[in-house]
Amino acid sequence: MLLLRRFAIALVLSFASLVPALAIPLLLVDRDTLQVLYAEDAGQPWHPASLTKLMTAYVAFEEIAKGTVTLDTPVTLSKYALSQAPSRSGLKVDTSVSLEDALYILIVKSANDMAVAIAETIGGNEANFVAKMNDAAQRMGLTATYFVNPNGLHDPRQVMSARDLAVLSLYIEQSFPQYMQMFRTSVVRINGQKLESQNEILTTFAGAIGMKTGYVCASGLNLVADVDRNGRRLMAVVLGGSSGRDRNERAAELLLKGLSGSATGTGQNILALPNAVGAAPVDMRPNICGKTAAEYVKAQEAAFPMGLKGQPSYLTDTIAAVEHVATDLGRTRTGIVLPRPRPAHVSVFPVQDVAVNTTTEPSLRPGLDLTPNSGIPYPRPRPVFR
């Protein structure tokens with residue numbers, strides 16, 4: 001019996017040693033020049049999880065710019081919105097917050113109920129809003145992207161790539177810089193609650209200014225991180241981390257390589273970086289939530305031990321948390337009907353052509369022209385800061 005038990009233990013250990021560490025999508029971009037400083041599997045379709053909310057926010061910013069809603073528009077939590085899986089805002093059914101506060105809660109807490117409430121407020125229903133998301137993705141040239149919902153709860157059809165996430169994040173910053181404070185914020189206070197961000201980069205890495213984290217079993221732990229330091233403006237994208245430590249430390253390593261100059265670049269503009277269009281998205285569920293998860297995490301820790309107990313860490317800075325105070329407006333007053341449902345969404349913007357030619361360096365163009373008939377293109381890429 002003892003020999004049999006020893007054989008079983010040895011078999012388990014040998015199986016664990018066969019679980020390999022997995023290469024995951026990594027991307028480092030210079031936000032001023034749009035140059036790719038490092039890329040690994042950056043065009044591979046991936047389940048974005050709550051990084052989806054970057055597009056939810058972008059569509060809201062566009063609608064504010066068009067005047068269909070304002071930052072003061074009330075966003076009401078319907079029963080359907082509150083039926084979404086956690087994380088949630090903690091608010092009650094039929095209570096409202098301003099669209100501004102809703103966006104803070106969406107981005108900081110990554111509240112799935114608030115994503116649906118914003119979608120219902122702007123689109124009249126979730127489906128109409130998702131159509132706006134896919135329209136914006138098409139205009140941006142996000143060829144590995146497709147949305148089914150506004151919050152990132154898992155649907156096998158909902159995909160993005162690291163490349164597409166980087167382009168979307170650049171559009172947010174360059175088209176709507178007035179809202180970047182939302183992505184820098186790591187705490188929202190409302191009704192005595194303290195809603196905290198999962199983005200530890202914001203409080204442990206000097207110069208961090210956003211953007212967003214995401215996690216479902218099928219995606220692993222995802223992160224888009226922007227940093228401004230010593231005149232450099234960089235972005236790191238990490239998808240499929242095996243833990244928060246793994247995701248955050250890998251992003252910090254990429255950023256430090258860019259800041260030090262050791263990441264010299266690939267010679268590609270981010271818009272010229274190809275997507276693996278039509279490729280199946282990677283399903284991380286067996287490695288993150290399945291029977292082999294413990295062995296997989298151990299393999300990833302062995303391959304990349306930064307930040308583990310007794311190991312050095314890249315995340316050693318102490319940055320004060322940026323907070324926002326939101327206001328619960330209570331239940332929507334009777335007799336005031338929000339304008340829903342609205343007509344089905346129809347695109348009114350031309351599709352952006354981001355094809356590369358031999359004479360013009362590709363550059364970001366605005367998803368929404370806020371100066372009609374001006375004929376003045378946005379200055380992309382931006383000049384290098386001195």
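Two strands count as paired if DSSP finds at least two bridges between them. Keep that rule in hand as we walk through this structure, which is a predicted model.

Let's begin with strand 7 and strand 8. Eight bridges join these two strands, and they run antiparallel, so the pair passes the cut-off of at least two bridges. To find one spot in this pairing, look for Gly214, which stands opposite Asn222 in strand 8.

From strand 8 (residues 220–229) we can step across to strand 9, since these two also pair in the antiparallel sense, over eight bridges. Here Val224 stands opposite Val237 in strand 9. The chain makes a hairpin of strand 8 and strand 9, with two residues between them. One residue in that turn deserves a look: Asn230 has a positive phi of about 50°.

Strand 9 (residues 232–241) has another partner to show you. Strand 1 (residues 26–30) is joined to strand 9 by five bridges, and the two run antiparallel. Within this pairing, Leu28 has Ala236 as its bridge partner in strand 9. Is strand 9 mostly covered or mostly uncovered? Strand 9 is mostly covered, as nine of its 10 residues are buried.

Now step back and put these strands together. They belong to an open sheet of five strands in the order 2-1-9-8-7, with antiparallel pairing. Which strands stand at the edges? They are strand 2 (36–40) and strand 7 (208–216); each has a single partner strand, so one side of each is left without a neighbour in the sheet. On average, neighbouring strands of this sheet are turned by 10° against each other, direction ignored.

Before leaving this sheet, look inside strand 7 for Met211. The peptide bond that leads from Gly210 to Met211 is cis, with omega near 20°. Another cis peptide bond joins Pro86 and Ser87, with omega about 10°. Ser87 lies in the loop between helix 3 and strand 4.

A second sheet comes next. This open sheet has three strands in the order 6-5-10, and its pairing is mixed. Its edge strands are strand 6 (193–196) and strand 10 (323–325), each of which pairs on one side only. Here neighbouring strands are turned by 25° against each other on average, direction ignored. Strand 5 (residues 187–190) and strand 10 run parallel and are joined by three bridges. In this pairing, Val187 stands opposite Glu323 in strand 10.

Let's turn to the helices, with helix 2 as our guide. The axes of helix 2 (residues 53–66) and helix 5 (residues 112–123) come within 11 Å and cross at roughly 30°. Angles under 35 degrees count as roughly parallel, and helix 2 and helix 5 are therefore roughly parallel to each other. Helix 2 passes helix 5 in a left-handed crossing. At the contact, Lys53, Thr56, Ala60 and Glu63 in helix 2 meet Asn112, Ala115, Ile118 and Ile122 in helix 5. These residues divide into four nonpolar, two polar and two charged.

Helix 2 also packs with helix 6 (residues 126–140), at an angle of about 90° and with the axes 10 Å apart. Angles of 65 to 115 degrees count as roughly perpendicular, and that is therefore how helix 2 and helix 6 lie to each other. Residues of helix 2 in this contact include Met55, Tyr58 and Val59, while those of helix 6 include Phe129, Met133 and Met140. The residues of the contact divide into eight nonpolar, one polar and four charged.

Finally, visit some loops. In the loop between strand 2 and helix 2 you will find Asp41 and also Ala49. Asp41 has a phi near 55°, a positive value in a residue other than glycine, and phi of Ala49 is near 55° too. Is Ala49 buried or exposed? At 2% relative accessibility, Ala49 counts as buried, whereas Asp41 is partly exposed, with a relative accessible area of 44%.

The loop between helix 3 (79–82) and strand 4 (96–98) holds Lys92. With 62% relative accessibility, Lys92 counts as exposed. Leaving aside neighbours within four places in sequence, Lys92 is in contact with Leu77 and Leu82. Lys92 and Leu77 are 15 residues apart in sequence, and their C-alpha atoms are 7.1 Å apart in space.

Technical notes. Residues are numbered from 1 along each chain as its sequence is written. This is a predicted model: local features need pLDDT of at least 70, side-chain atom pairs count only at pLDDT 80 or more; totals for chains, interfaces and linings use all residues. Side-chain values use heavy atoms; hydrogens and water are left out. Axes are lines fitted to C-alpha atoms, for helices over the stretch in contact, and angles run from 0 to 180 degrees between N-to-C directions. Helices (H or I, at least four residues) and strands (E, at least two) are DSSP runs, numbered from the N terminus. Angles under 35 degrees count as roughly parallel, over 145 as roughly antiparallel, 65 to 115 as roughly perpendicular and the rest as oblique. A crossing is left-handed if the near helix is turned anticlockwise from the far one by less than a right angle, and right-handed if clockwise. Contact means heavy atoms within 4.5 Å. Ala, Val, Leu, Ile, Met, Phe, Trp, Tyr, Cys and Pro count as nonpolar, Asp, Glu, Lys and Arg as charged, and the others, Gly among them, as polar. Buried means under 20% relative accessible area, exposed over 50%, partly exposed in between (1.4 Å probe, protein chains only).
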